[in-house]
Amino acid sequence: MIPERASAYDSFAEGYTAENETSLLNAHYERPAMLELAGDVRGRRILDAGCCSGALSAALRERGADVTGIDASAGMLEQARMRLGADADLRVGDLADPLPFADDTFDDIVASLVLHYLRDWVPTLGELRRVLKPGGRLLVSVEHPFAIFLGQRLAGEETNYFRTRERTEEWTMGGQTARLTFWDRPLHAMTGAFTAAGFRIGAISEPSALPSARELFPDGYDEHTGMRFLSFLFFALHAD
Ligand SMILES: C[S@@+](CC[C@H](N)C(=O)[O-])C[C@H]1O[C@@H](n2cnc3c(N)ncnc32)[C@H](O)[C@@H]1O
């Protein structure tokens, strides 16, 4: 079943895609950091889980990977198909459900900015582990739990960091608006879920945006931290 929160992306598929192409957070921070974490992907079979309109899939494919994308939003997958071509392997699917792939199918899975839409990570991580080959990697980026918590506290909200919490926001991108529901959780709940699903944590990283983005986004520059800010948190997980 496709949940309301995921198909909410249908209502701003074009607007989101256009902004994702050039934004500081996606084009100059999250995507380059994810590609850096992935390293040399030539010849690797990769699942892009929550592939959205396919920007990361395209970059991985340019680097020689064989990419399959899955996303709950049919509208986003239409955008991805326009980018990647009619023969791209793209599936509509909910990451809360069993995945339509055999055991040990992928060398790597990238789950870029998608897990924070899911309330319960247990079935999802179990499925991602199942479809990864032994020795494969799950590369994850999520909203940084400290950034979310600090933002809420600074806004005067009485947030309990240690609970898994529902948050709804209205996003307007490229003139289109969507109401999105997120599930925030503390760092220990993330690391606990990864290890309980059988992953070894290889790296937790808080990378910088591309230093070259400073000219385009002077507001992103901080005199103490440069182009490094609390926004997303990255994990490299290994299926040993
Ligand atoms: C912020 S976008 C991801 C960005 C994208 N990975 C990139 O590299 O630019 C979030 C995506 O997650 C998808 N999504 C949200 N919940 C989902 C779910 N339960 N199952 C599958 N996809 C989901 C949305 O449809 C949307 O396309």
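1. Which helices and strands cover the buried residues of α4? In this predicted model, the cover comes from several parts of the fold, and it includes the helices α2 (13–22), α3 (24–38) and α5 (74–84) together with the strands β1 (45–49), β2 (66–71) and β4 (106–112).

2. It is worth looking at the helix itself before moving on, since α4 spans residues 55–62 and is mostly covered, with six of its eight residues buried. The buried residues are A55, L56, S57, A58, A59 and L60, where buried stands for a relative accessible area under 20%. Just after α4, the chain reaches G64, which takes a positive phi of about 100°.

3. Turning to the ligand, a student may first wish to locate it, and the place to look is the largest pocket, where the ligand sits. There are 19 residues around the ligand, and those that come nearest are N20, G50, D71, D94 and L95.

4. Two of the ligand's contacts involve side chains: an oxygen atom of the ligand is 2.9 Å from an N or O atom in the side chain of N20, and an oxygen atom of the ligand is 2.6 Å from an N or O atom in the side chain of D71. The backbone also takes part, for a nitrogen atom of the ligand is 3.0 Å from a polar backbone atom of S112. As for how far the ligand is covered, it exposes 600 Å² when taken alone, and the protein buries 99% of that area.

Key:
Residues are numbered from 1 along each chain as its sequence is written. This is a predicted model: local features need pLDDT of at least 70, side-chain atom pairs count only at pLDDT 80 or more; totals for chains, interfaces and linings use all residues. Side-chain values use heavy atoms; hydrogens and water are left out. Buried means under 20% relative accessible area, exposed over 50%, partly exposed in between (1.4 Å probe, protein chains only). Helices (H or I, at least four residues) and strands (E, at least two) are DSSP runs, numbered from the N terminus. Contact means heavy atoms within 4.5 Å. A residue is near a molecule or strand if one of its heavy atoms lies within 4 Å of it. A polar contact is a pair of N or O atoms within 3.5 Å; within protein, one must be able to donate a hydrogen and the other to accept it, and residues adjacent in sequence count only if both atoms are side-chain atoms. Accessible areas come from the Shrake-Rupley method with a 1.4 Å probe; for residues, only the protein chains shown count as cover. On a 1 Å grid over the protein atoms alone, a cavity is a set of points where a 1.4 Å probe fits but cannot get out, and a pocket is an open set with protein on both sides within 12 Å along at least five of seven lines; lining residues have an atom within 4 Å of a point. A molecule sits in a cavity or pocket if more than half of its atoms lie within 2 Å of its grid points.
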